[in-house]
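Here's a quick walk through the parts of this protein and how they meet. Have the viewer open and follow along.

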Amino acid sequence: GSLFGAGGRFSGGTDPIMEKFNESLSFDKRMWAQDIRGSIAYAKANIKTGILTQEEADQIVAGLEQVHQEWANGTFEAKPGDEDIHTANERRLTELIGPLGGKLHTGRSRNDQVATDTRLWTVDAEKDILKDLKELLLVGAQVARENVDILMAGYTHLQPAQPIRYSHWLCSHLAPLVRDAQRLQEIIPRANQCPLGSGALAGNAFGVDREFLAEELGFGAVTSNSLDSVCDRDFVVEFLFWSTMLHTHFSQFAEDVIITNLLRGVEISDAYATGSSLMPQKKNPDALELLRGKAGVALGRAVGLAATLKGLPRAYNKDLQEDKVPLFQAVDTVKDCIAIATGVIATMKPNPDMLMKALCPEMLATDLADYLVRKGVPFRETHHISGACVRLAEEQKISLDSLTLEQLQAIDARFEEDVMKVWDYEMSVERKSSTGGTSKDSVLKQIDDIVSFAEKL
Ligand code: ARG
């Protein structure tokens, strides 16, 4: 029987299927370090309550450190009846130091314990992910800087729209990741609150110093209400929704790269592609398809846990054990995707010639309209005039820039010799010098801003 399940009031054994159904050790053992940290802090706090003498606390801490060693070495042995990480660690502690181990749990419940462990684990993971994002943003910014002179076609509705810089496009995918990093920074303080000392639901009967516990564990604050503390999983849902947003951004990036790769504008490194078992010529962008695909299940996890929480009565209910698997999966998937995205960006090679080939003079039709704007013609009028030029070129089956000055002047007499200067992609791009625009200076400024943000992560 387990430490708690077969406690004093139970006589019969548990159905083996129930044990398997109920156990969480198989997955919550990932929180072994956090569980031990929480217990060490709790032992220390219980010197002040008078539950433990200094010597007893020292013995418990020494025992917990030994349990820590066993997990770290991979020698910890789970026993039948170890229901979860909390009971497993306590069972082992008591084997190591005897009945004194049974004093550790005084006033504590697995309810405040699991909430504490999960928060510690989540905050650790979130801080770790911030470091991964830092690396991704710095690599992305570096690649953007190196390729700032390359031009490409910008699209709306997947229709050729206006020329832009390759780096401007790349930065357009880094900007959402900056927001993701900011959002992650914003949710950490809400996860980083200490529920320990809330007991099963009503609070701690021995006057434990919760502020001390919070400080020992590195939490930024204590939670405010013991009932809420044991069932609040907002921080898990927030992470899941956060990850959904990140994956959505990765998905959009992946789709753009897949399309650009199809147009031969970029080449994805062999390191992130696969071949076909049948077609020798194939090089498939599998890494990007997976990046694109992960967003769906990520959203499913967020919606799934939110639905689990919906309708739960106060306070702890075993439904809450369903938080771990999606949380762990989400963290793993996020870390994998950041690593893959970093690698893809670092190694994919833009092909300037092919990117240039995707540009066409029609993409300068707006510049043609803007030319007349600069001569004082209202834009609504110039838009119409430029449209007439596009139509004429189409009718003549020539490109827009092949229209002669005479043909242009036949459409509008205000076209002059200098109109031919419009047919320059580089100048078109350079005119977009507003903040956040695609001119070289504007893009370099965006890159600088990304770097200075990332460096502080
Ligand atoms: N394994 C449980 C979980 O993950 C720990 C808390 C169990 N508490 C209880 N009273 N059954 O949520």
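## Three domains

This is a predicted model, and its chain splits into domain 1 (16-106), domain 2 (111-357) and domain 3 (361-437). If you take centres over C-alpha atoms, domain 2 and domain 3 sit 43 Å apart.

Even so, these two domains do touch: eight residues of domain 2 are in contact with seven residues of domain 3. On the domain 2 side, the elements that supply two or more residues are β1 and β2. Strand β2 has the largest share there, with six residues. Sort that side of domain 2 by class and you get six nonpolar residues, one polar and one charged.

## The β1-β2 hairpin

So what do those two strands look like? Strand β1 covers residues 151-156 and strand β2 covers residues 159-165, and they pair in the antiparallel sense over six bridges. One pairing to look for is threonine 156, whose bridge partner in β2 is glutamine 159.

Together β1 and β2 make a hairpin, with two residues between them. Check the turn for histidine 157, which has a positive phi of about 55°.

## Around the ligand

Which residues are around the ligand? Going along the chain, they are Ser24, Asp28, Asp84, Arg110, Asn111, Val114, Tyr316, Lys318, Leu320 and Gln321. By class, that shell holds four charged, three polar and three nonpolar residues.

Helix α6, residues 110-146, gives the most to the shell, with three residues. And where does the ligand's shell lie relative to the domains? Domain 1 (16-106) and domain 2 (111-357) both give residues to it, so it lies between them.

## What the UniProt record says

The UniProt record is an unreviewed entry, and it lists residues 8-300 as "domain: Fumarate lyase N-terminal". In the model, that span is 62% helix and 6% strand, and its end C-alpha atoms lie 41 Å apart.

The same kind of listing, also from an unreviewed entry, gives residues 363-430 as "domain: Argininosuccinate lyase C-terminal". Here the span is 59% helix and 0% strand, with end C-alpha atoms 15 Å apart.

How values were computed: Residues numbered from 1 in each chain as written. Predicted model: local features only at pLDDT ≥ 70, side-chain atom pairs only at ≥ 80, totals over all residues. Near = placed C-beta within 6 Å. Helix = DSSP H or I, 4+ residues; strand = E, 2+ residues; numbered from the N terminus. Nonpolar A, V, L, I, M, F, W, Y, C, P; charged D, E, K, R; others polar. Domains from an automatic or database assignment. Pairing = 2+ DSSP bridges. UniProt positions renumbered as here; feature names shortened; annotations may be inferred.
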